[in-house]
Amino acid sequence: MNREAAWVAVGKQDDFMPRVGRVILINGVEVAVFRTTEAVYAIENRSPHPKGGPLSEGIVSGHYLYDPLHDWKIDLRDGCVQAPDTGQARTFAVRVEEDSVYIAVM
Amino acid sequence: MKRKLQLVVIGNGMAGMNAVEQLMKLTDSCDITVIGQEPHPNYNRIMLSYVLDGSKTMDDIVINPRAWYDEAGITLHTGTTATRVDTTRRVVVMDNGHEVGYDRVIIATGSTPFILPVPGADKQGVIGFRSIEDCDRMMEAAKLYKKAAVIGGGLLGLEAAKGLVQLGMDVTVVHLPDFLMERQLDEKAARMLQTELERQGLKFALGKQTQELIGGERVEGLRFSDGTELEAEFVVMAVGIRPNVELARASELAVNRGIVVDDYIRTSAPDVYAVGECTEHRGVCYGLVAPLFEQGAVLAKGLAGVETKPYEGSVCSTKLKVSGVDVFSTGLFLETPECVCVTFHDAWKGTYKKIVLKDNVIAGAVLFGNIDDASKLERLVKQGAEMTEELYNELTGAGGCCGTKANAAADFADDDIVCGCNGVTKKMIVDAITEQGLTTLDEVKACTGASRSCGGCKPLVEQLLQHVLGDGFEAGGSKQGICGCTTMSRDEIVAAIREKGLRSTKEIMNVLDWKQEEGCSKCRPALNYYLGMIWPQTYQDEKESRFVNERMNANIQKDGTYTVVPRMYGGMTTPAELKKIADVSLKYNVPLVKMTGGQRIDIVGVKKEDLPSVWEELDMPSGYAYAKSLRTVKTCVGATYCRFGTQDSMGMGALLERKFERIDYPAKVKFAVNGCPRNCAESCTKDIGIVGNDGGWEIYIGGNGGIKARLADLLCKVKTDEELIEITAAVLQHYRETANYLERTSDWVERIGLEHIHKTTVEDAEGRKQLVARMDEALSSRSEEPWQQVISDKGLRDKMFGKVVFQQ
């Protein structure tokens with residue numbers, strides 16, 4: 001990474017319902033944020049499926065997300081699509097400090 | 001980091017690229033460079049015949065477009081010829097003077113058509129049939145010339161000849177042996193084939209040896225060894241292929257007819273491999289595609305350091321790709337003294353079947369006219385299966401009228417699409433079954449995606465499983481859980497929820513030992529439904545376990561916008577409501593307003609963040625067009641206005657809609673209420689269809705107009721409105737309690753039986769009362785109108801629909 005990541009405060013933890021995605025538009029990029037029992041994850045709100053579509057409305061299980069339109073199973077930690085499908089969604093680093101959620105943007 | 005292995009592939013054809021693809025599935029430890037002579041990305045050469053007959057275009061047969069190489073990180077040089085592998089300096093030398101260093105090299109230079117060494121073979125208008133350029137030349141020639149000759153009555157020659165006939169040329173196939181395809185067929189099948197092809201317009205000159213091509217600069221005809229001549233302005237040579245070995249020779253590798261490789265596809269030089277038609281393995285040069293895949297698999301595993309069985313040669317099977325001609329051969333096909341043959345010749349149907357046995361082992365077969373058993377025979381030959389009484393009956397259709405079962409999927413061609421939603425071909429499914437040892441529908445679904453979307457192809461996929469696995473497959477035989485997270489069935493889970501008093505999805509998953517702690521997109525919505533159905537008063541619905549549409553209370557569209565359908569009870573609205581719909585649609589700039597099939601209005605293309613405001617301004621209840629719930633009650637005008645009407649269908653429709661809306665059902669539920677038997681509101685395709693007549697109502701159930709059309713069954717006739725409502729309530733509650741999640745009434749009725757439903761909801765008055773009581777309990781504890789709920793809960797509205805924007 002050449003540039004230092006900038007951390008953007010996107011809200012309090014409570015602003016995110018457990019396992020229900022929420023879209024934050026950061027510098028024109030739609031980021032879907034998910035608070036799970038384990039952590040808070042940020043992933044670009046665009047399915048890696050060839051037909052695209054949003055991810056924010058998917059069903060969350062652990063650190064996996066089920067694409068709402070195509071039912072692809074995506075790992076929220078690295079954006080990797082699980083077999084038998086393939087692909088990767090872009091993910092963003094997330095930091096939670098004193099209940100505030102920060103997302104790293106380039 | 002470990003340095004990546006430098007792999008250079010010489011040849012950008014099917015063999016090389018298939019090996020690369022197989023390798024990439026096993027490891028990413030190689031840096032791959034591909035050197036290709038042809039100026040385009042690689043394509044499926046087997047499909048050239050389809051390009052020629054016009055059923056496919058060049059684009060259709062490209063296997064890996066250029067972008068694939070980029071994405072895979074492969075360096076591709078097209079239009080470049082590798083001239084030599086310098087095994088001492090470990091570099092590949094190219095004709096443009098450049099060199100590429102290697103750790104491993106794969107030579108996949110393929111083959112070229114063999115051009116007969118006769119005088120005149122170099123004349124204009126004489127070509128081979130091997131590449132896209134040859135296809136182009138043939139199509140060009142067909143525009144200018146009339147008479148063509150194809151030398152070679154083998155697979156490729158016949159396909160080329162048929163292509164030229166289709167392009168409008170007058171084509172004669174010249175063949176040295178006395179019958180066609182002598183390397184794949186016996187004489188009987190060959191004669192039947194010839195007759196069929198003659199019917200399709202081909203001419204034949206058999207037993208003819210071409211001695212000279214005559215003419216001026218351009219070819220004008222052929223002269224045969226018996227002195228006769230044949231006029232031809234265009235000649236295609238399809239007499240066989242010659243492995244391309246120049247590079248191997250220049251690199252001082254061992255070469256006979258092809259590049260000699262061992263059982264691990266290695267050439268005589270260390271770290272140099274060769275694959276496909278350029279090779280010679282145990283004295284055999286293959287010219288078909290199957291060996292190429294099999295060699296590629298062994299090679300890829302070897303390179304990836306994965307343990308592999310040695311390659312011991314291929315059993316070759318052939319299918320002629322000429323429409324309307326079904327020919328197949330595999331393994332041994334000629335009778336020799338040590339062989340025993342089972343033969344059937346049906347001259348009336350024009351079919352022929354021969355199974356060759358050697359020491360009672362199925363060693364080969366020839367089929368003509370009907371090739372349903374092709375894949376089965378191919379498998380048996382590969383396995384070296386022994387002929388048994390059972391197998392004999394199966395293969396010959398003997399032993400009773402049901403000797404062979406109809407299997408529609410077996411008739412599919414390899415590249416026919418089985419699953420139209422996900423573009424999965426028969427071959428992809430069959431390959432997945434054979435290569436990965438799949439045995440169940442769910443495994444095929446998970447592995448290939450077939451039947452994952454609409455499910456309409458499930459029977460076909462089951463047939464394919466049956467077809468490939470034979471007796472090893474039992475439809476629905478092995479125990480299947482409701483999803484991959486559990487082995488428990490729906491009934492077992494529902495019983496456990498009741499018996500153990502489980503109160504949340506989390507509790508179910510803990511107690512019943514779910515494999516994935518928080519479940520998946522299949523089980524979570526199902527469990528959420530079962531819990532709500534069993535504990536109507538107390539269960540707290542889990543939003544996060546609802547499908548997107550039910551969570552958002554609107555239908556998501558492919559671009560991420562939503563549709564909004566307000567309730568219009570019984571399909572009735574008012575000018576004031578229409579005006580509101582129009583105003584809101586204008587204000588929020590929706591791209592489309594559409595009538596639905598259920599007598600309502602669909603506002604399409606609403607942005608997620610606008611949904612709460614749209615609902616608020618409409619000030620109408622949600623039509624639940626997104627839910628596993630009561631959707632629409634379609635009505636006709638009925639006795640109120642219609643001159644035929646005998647009952648107040650609009651009034652009854654609106655009443656039923658109000659009564660049964662807003663609770664969860666296993667799947668969506670649609671009603672229709674008609675005022676007379678003319679049935680204008682189409683009861684026969686609804687979950688509950690009601691038909692009024694003089695003196696009462698008829699209740700139909702289990703109709704469906706969707707994926708699997710089904711006409712509704714008449715459940716009973718009733719005299720009063722009260723009875724109608726009571727029986728409807730009982731049927732719906734019985735459905736809620738016994739159907740699988742997502743099971744429509746059409747499937748439910750077929751599964752548990754109309755008779756059983758009749759007994760429970762019509763005959764058994766006491767049981768009916770209890771069902772109605774449980775329905776009333778569910779109705780009395782139903783949730784608040786969902787749109788109002790969002791509008792009035794500011795926090796929920798922001799968290800679920802609000803858009804947060806950051807700009808730096």
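Trainee: Why is B:R84 called partly exposed?

Mentor: B:R84 has a relative accessible area of 31%. Buried means under 20%, exposed over 50%, and partly exposed in between, with a 1.4 Å probe and protein chains only; 31% therefore counts as partly exposed. This is a predicted model, in which local features need pLDDT (the predictor's confidence in each residue, from 0 to 100) of at least 70 and side-chain atom pairs count only at pLDDT 80 or more, while totals for chains, interfaces and linings use all residues; side-chain values use heavy atoms, without hydrogens and water. Residues are numbered from 1 along each chain as its sequence is written, and chains are lettered from A and ligands numbered from 1 in the order in which they are written.

Trainee: What makes B:R84 and B:D86 a salt bridge?

Mentor: Their N to O distance is 3.7 Å. A salt bridge needs a side-chain nitrogen of Lys or Arg within 4 Å of a carboxyl oxygen of Asp or Glu, so the pair qualifies. B:D86 is buried, because its relative accessible area is 8%. Both residues belong to a network of salt bridges that also links B:R89 and B:E99.

Trainee: How do you know that B:K579 forms a salt bridge with B:D583?

Mentor: The closest N and O atoms are 3.6 Å apart. Both residues lie in helix α19 (residues 575-587) of chain B, four residues apart, about one turn of the helix; helices (H or I, at least four residues) and strands (E, at least two) are DSSP runs numbered from the N terminus. B:K579 is called exposed because its relative accessible area is 54%, whereas B:D583, at 41%, is partly exposed.

Trainee: Which of B:R751 and B:E743 is buried, and which is partly exposed?

Mentor: B:E743 counts as buried at 8% relative accessibility, and B:R751 as partly exposed at 41%. Their closest N and O atoms are 2.8 Å apart, in a salt bridge.

Trainee: Why is B:R600 said to have no salt bridge?

Mentor: B:R600 is buried, and the nearest side chain of opposite charge, B:E657, is 4.2 Å away. Lys and Arg count as positive and Asp and Glu as negative, with His and the chain ends not counted. The distance misses the salt-bridge limit, so no salt bridge is assigned. The side chain of B:R600 does reach the backbone oxygen of B:G623 at 2.9 Å.

Trainee: What is notable about phi of B:L742?

Mentor: Phi of B:L742 is positive, about 75°, although the residue is not a glycine. B:L742 sits in the loop between α22 (721-738) and α23 (745-752) of chain B.

Conventions: A polar contact is a pair of N or O atoms within 3.5 Å; within protein, one must be able to donate a hydrogen and the other to accept it, and residues adjacent in sequence count only if both atoms are side-chain atoms.
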